[in-house]
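I opened my notebook to get to know a new structure. Here are my entries, in the order I made them.

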Amino acid sequence: MLNIYVLAGLIGIVCGLRAMTGPAVVSWAAYLGLLPVADTWLDFLRYPATPYILTALAVMELIADQLPKTPPRIVPVQFGTRILTGAVCGAALAFGVAPITGLVLGAVGAIIGTLVGYTARRRLVAANGGRDFPVALAEDFIAIAAAIAIVAMAS
(Lines give C-alpha, C1' and ligand atoms only; values in the text may rest on other atoms or scores of the structure.)
Protein backbone atom coordinates (compact mmCIF):
# COMPACT_ATOMS: atom_id res chain seq x y z
CA MET A 1 0.00 0.00 0.00
CA LEU A 2 1.24 3.48 -0.85
CA ASN A 3 2.01 5.96 1.90
CA ILE A 4 -0.96 8.19 2.74
CA TYR A 5 1.14 11.28 1.99
CA VAL A 6 1.88 10.02 -1.51
CA LEU A 7 -1.82 9.35 -2.01
CA ALA A 8 -2.69 12.88 -0.83
CA GLY A 9 -0.30 14.30 -3.42
CA LEU A 10 -1.63 11.99 -6.11
CA ILE A 11 -5.27 12.95 -5.50
CA GLY A 12 -4.09 16.56 -5.83
CA ILE A 13 -2.61 15.71 -9.23
CA VAL A 14 -5.97 14.27 -10.26
CA CYS A 15 -7.63 17.53 -9.20
CA GLY A 16 -5.12 19.34 -11.38
CA LEU A 17 -6.33 17.28 -14.33
CA ARG A 18 -10.04 17.49 -13.54
CA ALA A 19 -11.05 19.80 -10.71
CA MET A 20 -14.24 18.00 -9.70
CA THR A 21 -13.34 14.35 -10.27
CA GLY A 22 -11.29 14.05 -7.08
CA PRO A 23 -13.93 15.66 -4.86
CA ALA A 24 -16.67 13.50 -6.35
CA VAL A 25 -14.79 10.26 -5.66
CA VAL A 26 -13.61 11.43 -2.22
CA SER A 27 -17.15 12.43 -1.23
CA TRP A 28 -18.48 9.02 -2.20
CA ALA A 29 -15.84 7.38 -0.01
CA ALA A 30 -16.70 9.73 2.87
CA TYR A 31 -20.43 9.14 2.40
CA LEU A 32 -19.85 5.38 2.50
CA GLY A 33 -17.85 5.74 5.72
CA LEU A 34 -14.52 4.79 4.15
CA LEU A 35 -12.77 8.04 5.13
CA PRO A 36 -12.62 9.27 8.76
CA VAL A 37 -14.09 12.74 8.27
CA ALA A 38 -17.17 12.47 10.50
CA ASP A 39 -17.46 15.31 13.03
CA THR A 40 -14.58 17.24 11.45
CA TRP A 41 -14.42 20.34 9.28
CA LEU A 42 -14.68 17.95 6.30
CA ASP A 43 -17.90 16.36 7.56
CA PHE A 44 -19.77 18.04 4.68
CA LEU A 45 -18.15 15.48 2.34
CA ARG A 46 -20.28 12.72 3.86
CA TYR A 47 -23.63 14.54 3.77
CA PRO A 48 -26.13 12.50 1.73
CA ALA A 49 -26.47 15.11 -1.05
CA THR A 50 -22.76 15.91 -1.41
CA PRO A 51 -21.61 12.97 -3.56
CA TYR A 52 -24.53 13.47 -5.92
CA ILE A 53 -23.89 17.21 -6.27
CA LEU A 54 -20.14 16.74 -6.77
CA THR A 55 -20.72 13.93 -9.25
CA ALA A 56 -23.07 16.17 -11.25
CA LEU A 57 -20.44 18.93 -11.20
CA ALA A 58 -17.77 16.44 -12.32
CA VAL A 59 -19.93 15.29 -15.23
CA MET A 60 -20.61 18.91 -16.22
CA GLU A 61 -16.87 19.59 -16.10
CA LEU A 62 -16.17 16.59 -18.35
CA ILE A 63 -18.72 17.92 -20.86
CA ALA A 64 -17.54 21.54 -20.64
CA ASP A 65 -13.95 20.44 -21.21
CA GLN A 66 -14.93 19.28 -24.70
CA LEU A 67 -16.28 22.68 -25.70
CA PRO A 68 -14.00 24.93 -27.76
CA LYS A 69 -14.82 28.06 -25.73
CA THR A 70 -13.73 26.52 -22.40
CA PRO A 71 -10.73 28.47 -21.07
CA PRO A 72 -7.52 26.61 -20.25
CA ARG A 73 -7.01 25.21 -16.77
CA ILE A 74 -4.26 27.72 -16.05
CA VAL A 75 -6.53 30.79 -15.90
CA PRO A 76 -6.69 32.06 -12.30
CA VAL A 77 -10.21 30.93 -11.37
CA GLN A 78 -9.75 27.43 -12.73
CA PHE A 79 -6.22 27.12 -11.36
CA GLY A 80 -7.39 28.30 -7.93
CA THR A 81 -10.30 25.87 -7.96
CA ARG A 82 -7.94 22.99 -8.71
CA ILE A 83 -5.64 23.98 -5.84
CA LEU A 84 -8.61 24.24 -3.47
CA THR A 85 -10.13 20.90 -4.47
CA GLY A 86 -6.72 19.22 -4.35
CA ALA A 87 -6.11 20.59 -0.86
CA VAL A 88 -9.51 19.45 0.44
CA CYS A 89 -9.15 16.00 -1.11
CA GLY A 90 -5.60 15.61 0.21
CA ALA A 91 -6.75 16.58 3.70
CA ALA A 92 -9.65 14.12 3.53
CA LEU A 93 -7.38 11.23 2.55
CA ALA A 94 -4.87 12.03 5.30
CA PHE A 95 -7.38 13.03 7.96
CA GLY A 96 -6.75 10.07 10.23
CA VAL A 97 -3.00 10.78 10.20
CA ALA A 98 -2.14 14.41 9.41
CA PRO A 99 -4.85 16.47 7.70
CA ILE A 100 -2.79 19.67 7.41
CA THR A 101 0.06 17.78 5.74
CA GLY A 102 -2.49 16.14 3.43
CA LEU A 103 -3.96 19.55 2.66
CA VAL A 104 -0.56 20.96 1.68
CA LEU A 105 0.40 17.89 -0.35
CA GLY A 106 -2.97 17.90 -2.12
CA ALA A 107 -2.51 21.57 -3.04
CA VAL A 108 1.05 20.97 -4.29
CA GLY A 109 -0.16 17.94 -6.26
CA ALA A 110 -2.90 20.07 -7.83
CA ILE A 111 -0.35 22.67 -8.93
CA ILE A 112 1.80 19.95 -10.47
CA GLY A 113 -1.20 18.23 -12.08
CA THR A 114 -2.49 21.49 -13.52
CA LEU A 115 0.80 22.57 -15.05
CA VAL A 116 1.92 19.16 -16.27
CA GLY A 117 -1.57 18.29 -17.54
CA TYR A 118 -1.82 21.57 -19.42
CA THR A 119 1.60 21.17 -21.02
CA ALA A 120 1.11 17.50 -21.87
CA ARG A 121 -2.30 18.08 -23.39
CA ARG A 122 -1.05 20.93 -25.57
CA ARG A 123 1.84 18.80 -26.83
CA LEU A 124 -0.30 15.72 -27.43
CA VAL A 125 -2.91 17.75 -29.31
CA ALA A 126 -0.18 19.31 -31.46
CA ALA A 127 1.30 15.86 -32.16
CA ASN A 128 -2.20 14.60 -32.96
CA GLY A 129 -2.73 17.11 -35.75
CA GLY A 130 -4.68 19.51 -33.56
CA ARG A 131 -7.41 17.04 -32.61
CA ASP A 132 -8.22 17.72 -28.97
CA PHE A 133 -11.17 15.37 -28.43
CA PRO A 134 -9.27 12.03 -28.22
CA VAL A 135 -6.65 13.59 -25.95
CA ALA A 136 -9.35 15.03 -23.69
CA LEU A 137 -11.13 11.67 -23.48
CA ALA A 138 -7.90 9.92 -22.56
CA GLU A 139 -7.27 12.52 -19.86
CA ASP A 140 -10.82 12.06 -18.55
CA PHE A 141 -10.30 8.30 -18.32
CA ILE A 142 -6.95 8.68 -16.57
CA ALA A 143 -8.36 11.15 -14.03
CA ILE A 144 -11.41 9.02 -13.20
CA ALA A 145 -9.50 5.74 -12.97
CA ALA A 146 -6.70 7.31 -10.93
CA ALA A 147 -9.12 8.97 -8.51
CA ILE A 148 -10.94 5.71 -7.86
CA ALA A 149 -7.68 3.78 -7.41
CA ILE A 150 -6.12 6.41 -5.12
CA VAL A 151 -9.18 6.68 -2.88
CA ALA A 152 -9.51 2.89 -2.75
CA MET A 153 -5.88 2.60 -1.59
CA ALA A 154 -6.43 5.30 1.03
CA SER A 155 -9.61 3.75 2.42
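The entries below go from the core outwards.

**Entry: the model.** I noted before anything else that this is a predicted model.

**Entry: the core.** I looked up the largest nonpolar core and found that it has 30 residues. The residues with the most contacts inside it are I11, V26, L42, L45 and L93. I then checked which helices feed this core: α1 (4-17), α2 (21-31), α3 (50-64), α4 (76-93) and α6 (133-154) each supply at least two residues. Helix α1 gives the most, with six residues.

I picked V26 for a friendly visit. Leaving out residues up to four places away in sequence, V26 touches I11, L35, L45, C89, A92, L93 and V151.

**Entry: the cysteines.** How many disulfides does the whole structure hold? My search found zero. C15 is in no disulfide, and the nearest cysteine sulfur, that of C89, is 3.9 Å away. Why is there no bond from C89 to C15? A disulfide needs the sulfur atoms within 2.5 Å, so the 3.9 Å between the sulfurs of C89 and C15 is too far for a bond. I also noted their surroundings: C15 is buried, with a relative accessible area of 0%, and C89 is buried too, at 1% relative accessibility.

**Entry: R82.** I went to helix α4 to find R82. Is R82 buried or exposed? It is buried, because its relative accessible area is 6% and the cut-off for buried is under 20%. I listed what R82 touches, not counting residues up to four places away in sequence: C15, G16, L17, R18, A19, E61, R73, A110 and T114.

**Entry: salt bridges.** I found nine salt bridges in the structure. One of them joins D65 and R121, whose closest N and O atoms are 2.9 Å apart. D65 lies in the loop between α3 and α4 and R121 in helix α5, so this pair ties together parts that are 56 residues apart in sequence. D65 is buried at 16% relative accessible area, and R121 is buried at 11%.

Next I looked at E139 and R73, which form a salt bridge with the closest N and O atoms 2.6 Å apart. This pair links distant parts of the chain, 66 residues apart: E139 is in helix α6 and R73 in the loop between α3 and α4. E139 counts as buried at 8% relative accessibility, and R73 counts as buried at 6%.

R121 came up again, since its side chain meets that of E139 in a salt bridge (3.4 Å, N to O). R121 lies in helix α5 and E139 in helix α6, so this pair ties together parts 18 residues apart in sequence. Putting these together, I wrote down a network of salt bridges that links R18, D65, R73, R121, D132, E139 and D140.

**Entry: the surface.** Which residues form a nonpolar patch on the surface? I found I100, V104, V108, I112 and V116, with about 430 Å² of accessible area together. I placed V116 in helix α5, which covers residues 99-127.

**Entry: an unusual angle.** Most residues other than glycine have a negative phi. I therefore made a note of D39, whose phi is near 60 degrees, a positive value in a residue other than glycine. D39 sits in the loop between α2 and α3. It counts as exposed because its relative accessibility is 73%, and the cut-off for exposed is over 50%.

Methods
Residues are numbered from 1 along each chain as its sequence is written. This is a predicted model: local features need pLDDT of at least 70, side-chain atom pairs count only at pLDDT 80 or more; totals for chains, interfaces and linings use all residues. Side-chain values use heavy atoms; hydrogens and water are left out. Patches are made of residues with over 30% relative accessible area and no salt bridge: like charges are joined within 9 Å, nonpolar side chains (Val, Leu, Ile, Met, Phe, Trp, Tyr) within 5 Å. Accessible areas come from the Shrake-Rupley method with a 1.4 Å probe; for residues, only the protein chains shown count as cover. A salt bridge is a side-chain nitrogen of Lys or Arg within 4 Å of a carboxyl oxygen of Asp or Glu. Helices (H or I, at least four residues) and strands (E, at least two) are DSSP runs, numbered from the N terminus. A nonpolar core is a set of buried Ala, Val, Leu, Ile, Met, Phe, Trp, Tyr and Cys residues joined through side-chain atoms within 4.5 Å. Buried means under 20% relative accessible area, exposed over 50%, partly exposed in between (1.4 Å probe, protein chains only). Contact means heavy atoms within 4.5 Å.
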